[in-house]
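Here is a quick tour for anyone opening this one up for the first time. Have a look at the picture, then read on.

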Amino acid sequence: MANLSTHNSQHTKSEPSQWVELYSDYLFVYAFARVHKKEVAEDLVQDTFVSAIKAKDSFQQKSTERTWLTSILKNKIIDYYKKKSTQSEISIGADEDSENPNTFFETEGSRQGMWQVDARPGFWDTDYKTPVEKIEFYTILNQCLENLPEQWAAVFTLKNMEDFDAQEICKELNISSSNYWVIMHRSKLQLRDCMSKNWFIEK
Amino acid sequence: MKKLMQIMMLNCEQATFLVTKEMSGTITFSEKIKMQFHLLVCKYCRLFKKQSTFLSENINHQHQHSDKCLPDCKLEDSRKARMQEILQAELKKGSEEN
């Protein structure tokens, strides 16, 4: 009996050759929810396994094997966004962003800074208190996230990933804190607008 | 009074910007007062706040519940098989090096 409890308190370690069978589905779903692109998620899972083989002696069975693999994957996701963020040449200046012009607020006149008429948030037929359970909702949500410019998606996703605060994200992606807030603001505006048009269909 | 109103009154762009900051937890007291004041009189920005919060909660919900995965979000058997091959090759490489 004593033996059994000792055994239970230790996390089991499987052979690397079993990893695909045991963990690939879980890791893929984890990655997909964060990178929103199937091929990218697949490659990240594969890279995770390869890195894990090289580092398998560092696994100390303090956590489960799945948690350990997930933490490797998490770093891969961060690296992916870091790379994307430095590659992307999109200007993120507050106003002179030609690729992503301000289409939400009036830019001149007495109504400057007020919602443009067709960008005003409208009624959503939903219960705000409970998460949506419909799978289709998440399909659209992922498409809307995928539509964000890459650097925005990087900031937005890292923020939504556990253990990250604004300062760390700025450091990881090498952006200033004022740019960080501009990106967060724009991302939220665009995401809300995209969901409105494609899921809720504002009335 | 008019001057006070001018100081207090944000436009919608500024108000939604502060809503974004508040959602991440880094808003100052005076920013919060100004934001609340604007939300009191602007139903569009109230909706923006409500709907953005709702979307954030649903994104978190998806991150925490892998079963919320989408129909097309599935690792195909052929891709798994390729992964297995690469993994085996890596293992072989590793054992040869040792």
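## Inside and between the chains

Let's start with a single residue: Ala31(A) touches Ala41(A), Leu44(A), Val45(A), Leu73(A) and Ile77(A), leaving aside residues up to four places away in sequence. Keep in mind that this is a predicted model.

Ala31(A) turns up again in the largest nonpolar core, which has 58 residues; together with Val155(A), Ala31(A) has the most contacts inside it. Helix 2 of chain A (residues 19-35) gives the most to this core, namely 11 residues. Where does the core sit? Both domain 1 (11-87) and domain 2 (117-200) of chain A give residues to it, so the core lies between them.

Now for those two domains of chain A. Their C-alpha centres are 24 Å apart. Nine residues of domain 1 of chain A are in contact with 12 residues of domain 2 of chain A. On the domain 1 side, helix 4 of chain A (residues 65-87) gives the most, with six residues.

Then there's the contact between the chains, which takes 42 residues from chain B and 44 residues from chain A. Helix 2 (12-23), helix 4 (43-64) and helix 5 (77-97) of chain B each give two or more residues to chain B's side. Helix 4 of chain B has the largest share of that side, at 15 residues.

Here is the make-up of two of these contact sides, by class:

| Side | Nonpolar | Polar | Charged |
|---|---|---|---|
| Chain B, touching chain A | 17 residues | 17 residues | eight residues |
| Domain 1 of chain A, touching domain 2 of chain A | two residues | three residues | four residues |

Definitions and conventions:
Residues are numbered from 1 along each chain as its sequence is written. Chains are lettered from A and ligands numbered from 1 in the order in which they are written. This is a predicted model: local features need pLDDT of at least 70, side-chain atom pairs count only at pLDDT 80 or more; totals for chains, interfaces and linings use all residues. A nonpolar core is a set of buried Ala, Val, Leu, Ile, Met, Phe, Trp, Tyr and Cys residues joined through C-beta atoms within 7 Å. A residue is buried if 20 or more other C-beta atoms lie within 10 Å of its own, exposed if 12 or fewer, and partly exposed in between; C-beta atoms are placed from the backbone. Helices (H or I, at least four residues) and strands (E, at least two) are DSSP runs, numbered from the N terminus. Domain bounds come from an automatic or database domain assignment. Two residues are in contact if their C-beta atoms, placed from the backbone, lie within 7 Å. Ala, Val, Leu, Ile, Met, Phe, Trp, Tyr, Cys and Pro count as nonpolar, Asp, Glu, Lys and Arg as charged, and the others, Gly among them, as polar.
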